[in-house]
Amino acid sequence: MYKELDTSVCTLMSPGPVEVEPRVLRAMCTPILGQFDPEFTEIMNETMAMLRAVFQTKNQWAFPIDGTSRAGIEAVLGSIIEAGDRVLVPIYGRFGQLLTEIAERYGADVVNIETEWGQVFDPQVVIQEMQRVKPKIVAIVHGETSTGCMQPLKEIGEACRAMDILFVVDAVATLGGTAVKVDEWKIDAAIGGTQKCLSVPSGMAPITFNSRVEALLLARKRIERGLVEPGKYKDNQNRMIRSNYFDLSQLMDYWSAARLNHHTEATSMLYALREGLRIVLEEGLEQRFRRHALHEEALTQGLQAMGLKLYGNSECKLPVVTSVSIPEGIEGEAIRSMLLKDFQIEIASSFGPLKGKIWRIGTMGYSCRKKNILHVLGALEAALIRYGAKIHIGRAVQAALDVYHSPESN
Ligand SMILES: Cc1ncc(COP(=O)(O)O)c(C=O)c1O
């Protein structure tokens, strides 16, 4: 016989998934409604309205894709890329590689530029490459959780608009934790994540896109429906959106007043997302970003007071993820497993060139709070002492408390 679930209550300090807001968990127990019940379609409309506010956009289209964050990326890229389209993907970590892989699978001619992990691009470098390769789309990550760096987007967005290039942004890590200004930065399509700064479980990917993207989708839909003169496009078949599940033109009908049937909505996840967004807007975007910055400051002060070194260029640090160099002679995984086993705290390792070199600590959503920061600093210090690391003992929690007790933080 299998026992009823009774999981540990962990302090989740990785860059996702993070702890879920208790109100969100409660919302998930709400009884299921039929997806065309007016009570439910009203919940869909409210969710769209709240997503517009969180993405800071006036776009009509803002709704979740059912699936994890990469489902949102696939829906956007797969619906706008036609085979052979040139897509420029600047890579500065693992998730730029993911954008590349997805674009390639939809037949794009992908051009990459790369920079060292721990850095971001000078926007001018991206713009020069745009001028050279003339892509249809630029796709880039806003917050690279693999390195803890954040790419400035405004200049690139303005250049894309001036050159009539579509600008697609992976804001999976940043949405709800730091500003994602879709309209001001001239982002044509953005994808967020639920399991990070929104503190909702993984399983939906909020997206938004503007009328430039909509026009392209509608043109492709006309082909799909045979509304284009026969023979006008020799390669009509190639121009169809390849995926049914991720076809944004069909999803627009599903999320519009037409409510054309597509998939069966993930009802409980929509309840969760709605509650998560309600909490974000109740807190207020600016206040929420200040809260994330305060706890990031307490964490980084504490880590540095212990004598640990932060990894990556501090000028482009992602406020919701802190990368820490693993001290010489210390086995990163041994510390992580001690944190989990003895303190029920989870922090993350990293990938690719940074594997075994850094730990990544998230300060995201509901996990981003004073109790958790003090807990992780105290536990990390204890584990490092246990493994004989040469650190400054007794200073980390005090340095974080200094931040919390400073007049500016009150
Ligand atoms: C920046 C970024 N993009 C995309 C993803 C992929 O998200 P998912 O694992 O939910 O598909 C992640 C996940 O960690 C991420 O951090």
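Before you click anything, one term: a residue is buried with under 20% relative accessible area, exposed with over 50%, and partly exposed in between, using a 1.4 Å probe and protein chains only. What you have open is a predicted model, where local features need pLDDT of at least 70, side-chain atom pairs count only at pLDDT 80 or more, and totals for chains, interfaces and linings use all residues. Residues are numbered from 1 along each chain as its sequence is written, and side-chain values use heavy atoms, with hydrogens and water left out.

**Stop 1: two odd loops**

Select Lys 134, in the loop between α5 (123–133) and β5 (137–141). Helices here are DSSP runs of H or I with at least four residues, strands are runs of E with at least two, and both are numbered from the N terminus. Lys 134 is exposed, at 62% relative accessible area. Check its backbone too: phi is positive, about 45 degrees, although Lys 134 is not a glycine. Most residues other than glycine have a negative phi, and most peptide bonds are trans.

Now jump to Gln 344, in the loop between α12 (332–343) and β12 (345–346). Gln 344 has a positive phi as well, near 55 degrees. Its relative accessibility is 33%, so Gln 344 counts as partly exposed.

**Stop 2: a cis bond**

Go to Pro 17, in the loop between β1 (11–12) and α1 (22–27). The peptide bond leading from Gly 16 to Pro 17 is cis, with omega near 0 degrees.

**Stop 3: strand, helix, strand**

Colour β3 (residues 86–91) and β4 (residues 109–114). These two strands run parallel and are joined by 6 bridges; strands pair if DSSP finds at least two bridges between them. Want one pair to look at? Ile 91 has Glu 114 in β4 as its bridge partner. Add helix α4 (residues 94–105), and you have a right-handed β-α-β unit made of β3, α4 and β4. Right-handed means that, with the strands pointing away from you, the path from the first strand over the helix to the second runs clockwise.

**Stop 4: the ligand**

Which residues surround the ligand? Select Thr 68, Ser 69, Arg 70, Phe 95, Gly 143, Thr 145, Asp 170, Val 172, Gln 195 and Lys 196; a residue is near a molecule if one of its heavy atoms lies within 4 Å of it.

Next, look at three polar contacts, meaning pairs of N or O atoms within 3.5 Å:

- Thr 145: a polar side-chain atom sits 2.6 Å from a ligand oxygen atom.
- Asp 170: a polar side-chain atom sits 2.6 Å from a ligand nitrogen atom.
- Gln 195: a polar side-chain atom sits 2.8 Å from a ligand oxygen atom.

On its own, the ligand has 390 Å² of accessible area, and the protein covers 88% of that. Such areas come from the Shrake-Rupley method with a 1.4 Å probe, and for residues only the protein chains shown count as cover.

**Stop 5: helices α9 and α11**

Pick out α9 (residues 248–255), where 7 of the 8 residues are buried. Among them are Leu 248, Met 252 and Trp 255.

Then move to α11 (residues 285–305) and find Thr 300. Is Thr 300 buried or exposed? Thr 300 is buried, with a relative accessible area of 7%. Leaving aside residues up to four places away in sequence, Thr 300 touches Leu 310, Lys 317 and Thr 322, where contact means heavy atoms within 4.5 Å.

Last click: Glu 286, also in α11. At 48% relative accessibility, Glu 286 counts as partly exposed. Its C-alpha atom is 9.5 Å from that of Gly 177, though the two residues are 109 apart along the chain.

Notes: A polar contact is a pair of N or O atoms within 3.5 Å; within protein, one must be able to donate a hydrogen and the other to accept it, and residues adjacent in sequence count only if both atoms are side-chain atoms.
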